[in-house]
Amino acid sequence: MNQQKVPEIKYVPTTCPFCGVGCGLNLVVKDGKVVGVEPWKRSPVNEGKLCPKGYGCYEFIHSPDRLTKPLIKKDGKFVEASWDEALDLVASKLKEVYGKYGPDALAFQVSCRVPNEECYLMNKLARVGFKTNNVDNCARICHGPSVAGLSLSLGSGAATNPFADLLNADCIFVIGSNAMEAHPLVGRRLIQAKEKGTTLIVADPRYTLTARKAHIYMRFNPSTVIPLINSMMYWIIKEGKADMEFIKNKTKDFEELKKTVEKYADVEALTGTPTELVKEIALKYASAKNAAIVYCLGITETTSGTDNVRSLANLAMLTGNIGRPGTGINPLRGQNNVQGACDMGAYPNVYSGYQKVELEENRKKMEQAWGVEGLPGNYGLTLMEQIDACGDRVKAMFMLGENPMISFPDINHVRECLSKLEFSVVEDIFLTETAQLADVVLPAACWAEKDGTFTSGERRVQRVRKAVDAPGEAKPDWEILSLLGQKLGLKGFDFKSAEEVFNDMARVTPQYGGMTYARLEKPEALVWPCPTADHPGTPILHTQKFATADGLGNFFGIDYKPPAEVPDEEYPFALMTGRLLFHYHSGTQTRRSKQLHNEVPTGFVEISEADAAELGIKKGDRVLLKSRRGEVETNALVTKDIPKGVLNMTFHFRECPANLLTNTARDPLSKMPELKYCAVSVEKVKAR
Ligand SMILES: Nc1nc2c(c(=O)[nH]1)N[C@H]1C(S)=C(S)[C@@H](COP(=O)(O)OP(=O)(O)OC[C@H]3O[C@@H](n4cnc5c(=O)[nH]c(N)nc54)[C@H](O)[C@@H]3O)O[C@H]1N2
Ligand SMILES: Nc1nc2c(c(=O)[nH]1)N[C@H]1C(S)=C(S)[C@@H](COP(=O)(O)OP(=O)(O)OC[C@H]3O[C@@H](n4cnc5c(=O)[nH]c(N)nc54)[C@H](O)[C@@H]3O)O[C@H]1N2
Ligand code: SF4
Ligand SMILES: [Mo]
């Protein structure tokens with residue numbers, strides 16, 4: 001009898017590379033290729049369940065158009081180069097710019113898609129190699145206002161409670177989050193809680209998939225969060241539902257809040273929400289024994305982002321809903337490793353662990369640990385400031401796993417700025433729209449081809465494991481940065497593994513100080529803060545007191561400000577932008593998945609039935625959108641789900657990119673651009 005050879009199949013447990021929920025999964029490896037995804041049931045985050053992106057996450061790995069060799073642009077065309085040649089060029093050009101213009105002429109943009117080890121090394125390279133704090137990540141245009149706002153209110157910018165803890169809530173208030181599409185495995189927790197008897201309230205300008213799951217849905221006009229929350233707080237105080245004991249013992253400046261919200265009894269004219277409904281929801285939230293707030297970009301991505309976040313912190317503190325199971329204020333962090341990128345010090349004012357660069361003791365500590373002198377104490381340039389400063393203050397830029405030519409506001413402006421640089425490097429897994437503009441492109445290994453850790457939105461630090469080899473000569477980002485550090489002649493860059501980088505990071509980062517790869521092996525991993533080797537980790541924050549200097553939570557009286565650009569005669573619609581279940585950001589990965597592409601092959605704009613009727617637009621018609629910054633042609637989707645006067649688009653599709661239209665105006669505190677609101681016009685494209 002012929003013995004048939006059974007192909008060897010390997011299952012490699014790892015963490016999903018898409019959103020900040022941090023689902024665990026198994027990559028199925030056969031003949032050196034990832035051929036599928038299987039549930040990893042022991043993960044306490046998703047218990048073996050995945051969303052469509054999780055199931056489709058392996059399909060781009062072996063794409064024929066992965067970058068496989070370093071590329072150098074010569075006479076306007078990319079030419080393949082050896083690693084030595086490419087890294088020598090990058091090292092010499094960065095040094096030349098540094099020598100000619102000084103440290104602030106260099107800028108570093110760090111991905112939230114790559115493991116902690118790689119974010120940490122980029123922060124180290126910028127600071128040790130070039131003495132600059134111009135290092136930032138895309139949290140700036142995501143939950144930057146959460147980091148800023150929650151730090152001001154509570155002393156720490158992170159989510160307060162674990163996702164599974166939503167099952168302990170009696171009431172959950174979801175605002176500006178479409179969790180069913182953007183964080184589906186948190187969406188699952190919302191549904192589980194509802195089945196257990198929790199009241200689910202969803203507030204959103206659009207009747208989203210998440211809103212459809214709610215007991216009570218509250219529609220309000222885009223960018224009117226502050227009057228809405230102030231009004232809720234007015235009714236809570238008026239009806240005697242404020243938790244005066246909590247306020248007295250754990251907070252300060254309540255009087256300032258009380259005085260401010262007195263002006264907001266009735267806000268219907270501004271928000272479009274009936275006062276009776278605002279009052280009903282406020283009292284439901286305040287009367288629950290344990291109530292949790294879940295929010296996302298509908299709160300943060302505006303010029304009042306930090307104020308919106310502080311308003312939500314006000315609401316939680318007013319009702320004593322913080323520091324216990326089933327309570328808290330939970331920003332759903334977006335990218336798989338956006339929490340980590342911030343933790344790792346890929347931020348212009350802090351080293352890893354949020355150690356402020358302005359404090360001399362922190363600089364001394366890092367100088368000693370890293371074996372350097374003269375670390376700078378200034379606040380470096382933020383993501384969008386780096387773009388604006390191109391050609392002026394900034395002469396060279398290093399973009400690691402960022403695709404601003406699709407994902408930053410006002411793409412025409414981004415292109416113009418990037419073209420003014422004397423030198424630019426992009427390190428990515430594909431030749432993106434941004435990479436095409438670079439002088440040097442470095443090919444990176446993707447998450448399935450390297451070791452590392454991602455920190456999810458609940459501060460859970462989980463392992464990423466190498467399942468297959470990278471294509472061609474692509475290398476893990478940590479290895480590329482280590483080699484570059486060595487080319488630059490820097491000490492402390494001779495790493496042989498991702499684990500060595502992790503250990504280098506953990507010894508200077510208090511919240512990660514007690515973590516090792518060995519300790520992260522268990523399925524539940526570890527949740528920071530975990531300062532010592534025997535510390536079990538900290539799933540819930542602020543249980544005794546707040547993380548502020550005096551231990552008290554800060555109330556702020558916050559007044560409404562309109563968005564930077566409002567509809568007028570020429571541009572009569574408000575444009576909101578966001579996501580779809582099946583696609584992820586600039587689409588480099590999800591658009592290469594057959595399964596996901598078949599679900600939604602291209603973009604569209606949502607328009608209300610009333611507006612569509614007035615403009616003679618029908619479903620599927622081609623329409624042209626214009627703003628003060630650009631124009632985009634796309635398909636119309638006529639729907640009941642959005643209010644009149646409002647349009648909604650996703651930004652995933654390069655053939656109809658929403659960010660040609662969006663506004664770069666920024667929140668003064670967090671420097672967040674107004675991605676969720678700008679004025680546009682829309683017209684039907686006449687058949688040619
Ligand atoms: N499928 C998929 N999932 C993702 C991503 C992805 O690209 N695709 N990206 C990940 C990332 S990085 C992030 S940050 C998250 C984002 O997750 P979400 O923030 O949940 O996603 P968005 O689609 O941007 O939607 C935000 C919600 O805010 C609402 N909104 C818009 N304007 C306003 C407003 O003025 N006020 C209020 N209250 N609400 C408003 C929108 O109607 C929408 O329902 O998703 C993560 N998950
Ligand atoms: N209009 C509008 N614009 C938005 C938003 C919105 O709601 N509306 N949301 C904003 C938000 S919240 C975010 S987070 C940003 C996201 O913006 P980006 O971070 O620019 O988006 P991604 O597509 O996730 O791109 C990251 C890049 O990383 C690359 N990459 C993936 N894995 C690796 C790796 O292992 N190594 C390397 N070197 N590269 C890798 C991908 O190929 C991709 O080119 O977009 C923002 N832009
Ligand atoms: S919910 Fe997020 S982490 Fe989980 S499978 Fe979907 S994209 Fe991946
Ligand atoms: Mo994000």
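## Second largest pocket

In this predicted model, strand 24 (604-608), strand 26 (631-639) and strand 27 (646-650) each supply at least two residues of the lining of the second largest pocket. That lining is made up of 16 residues, and those nearest the centre of the pocket are Glu181, Arg206, Leu209, Glu606 and Asp641.

The space in the second largest pocket comes to about 260 Å³. By class, its lining has six charged, five polar and five nonpolar residues.

## Largest pocket

The largest pocket holds about 830 Å³ of space. Its lining consists of 34 residues, with Val147, Ser151, Gly155, Tyr354 and Lys356 nearest the centre. Helix 4 (residues 144-154) gives the largest share of this lining, five residues.

Sorted by class, the lining of the largest pocket has 15 nonpolar, 14 polar and five charged residues.

## Surroundings of ligand 1

There are 33 residues around ligand 1, and the nearest of them are Ala182, Asp204, Ser223, Arg579 and His583. Three of these residues also appear in polar contacts with the ligand, described here one by one. The side chain of aspartate 204 places a polar atom 2.6 Å from an oxygen atom of ligand 1. In arginine 579, an N or O atom of the side chain is 2.8 Å from a nitrogen atom of the ligand. Histidine 583 takes part through its backbone, where a polar atom lies 2.6 Å from a nitrogen atom of ligand 1.

On its own, ligand 1 has 900 Å² of accessible area, and the protein covers 99% of it. Helix 5 (179-182), helix 12 (297-300) and strand 23 (573-578) are the elements that give two or more residues to the shell. The shell around ligand 1 divides into 14 nonpolar, 13 polar and six charged residues.

## Surroundings of ligand 2

Around ligand 2 there are 33 residues, of which Ser407, Asp428, Asp477, Ser586 and Asn659 come nearest. Asparagine 403 has a backbone N or O atom 2.9 Å from an oxygen atom of ligand 2. Threonine 577 approaches with its side chain, a polar atom of which is 2.9 Å from a nitrogen atom of the ligand. Arginine 579, which has a side-chain contact with ligand 1, also has a polar side-chain atom 3.1 Å from a nitrogen atom of ligand 2.

The protein covers 99% of the 920 Å² of accessible area that ligand 2 has on its own. Its shell contains twelve nonpolar, twelve polar and nine charged residues.

## Surroundings of ligand 3 and the annotated domain

The residues around ligand 3 are Cys16, Phe18, Cys19, Gly22, Cys23, Leu50, Cys51, Lys53, Gly54, Pro184 and Leu185. Two elements, helix 1 (52-56) and helix 6 (184-196), give two or more residues to this shell. Its composition is eight nonpolar residues, two polar and one charged.

An unreviewed UniProt entry annotates residues 9-65 as "domain: 4Fe-4S Mo/W bis-MGD-type". Among the residues around ligand 3, Cys16, Cys19, Cys23 and Cys51 are numbered within that span. The span is 37% strand and 9% helix, and its end C-alpha atoms lie 26 Å apart.

## Backbone features

Two loop residues are noted for their backbone geometry. Glutamate 47 is not a glycine, yet has a positive phi of about 45°. Glutamate 47 is found in the loop between strand 3 (33-39) and helix 1.

The peptide bond that joins tryptophan 528 to proline 529 is cis, with omega near 0°. Proline 529 belongs to the loop between strand 21 (526-527) and strand 22 (553-554).

Note on methods:
Residues are numbered from 1 along each chain as its sequence is written. Chains are lettered from A and ligands numbered from 1 in the order in which they are written. This is a predicted model: local features need pLDDT of at least 70, side-chain atom pairs count only at pLDDT 80 or more; totals for chains, interfaces and linings use all residues. Side-chain values use heavy atoms; hydrogens and water are left out. On a 1 Å grid over the protein atoms alone, a cavity is a set of points where a 1.4 Å probe fits but cannot get out, and a pocket is an open set with protein on both sides within 12 Å along at least five of seven lines; lining residues have an atom within 4 Å of a point. Grid points are joined across faces, edges and corners, and a volume is the space filled by probe spheres set on the points. Helices (H or I, at least four residues) and strands (E, at least two) are DSSP runs, numbered from the N terminus. Ala, Val, Leu, Ile, Met, Phe, Trp, Tyr, Cys and Pro count as nonpolar, Asp, Glu, Lys and Arg as charged, and the others, Gly among them, as polar. A residue is near a molecule or strand if one of its heavy atoms lies within 4 Å of it. A polar contact is a pair of N or O atoms within 3.5 Å; within protein, one must be able to donate a hydrogen and the other to accept it, and residues adjacent in sequence count only if both atoms are side-chain atoms. Accessible areas come from the Shrake-Rupley method with a 1.4 Å probe; for residues, only the protein chains shown count as cover. UniProt positions are given in the numbering used here, feature names are shortened, and annotations may be inferred rather than shown by experiment.
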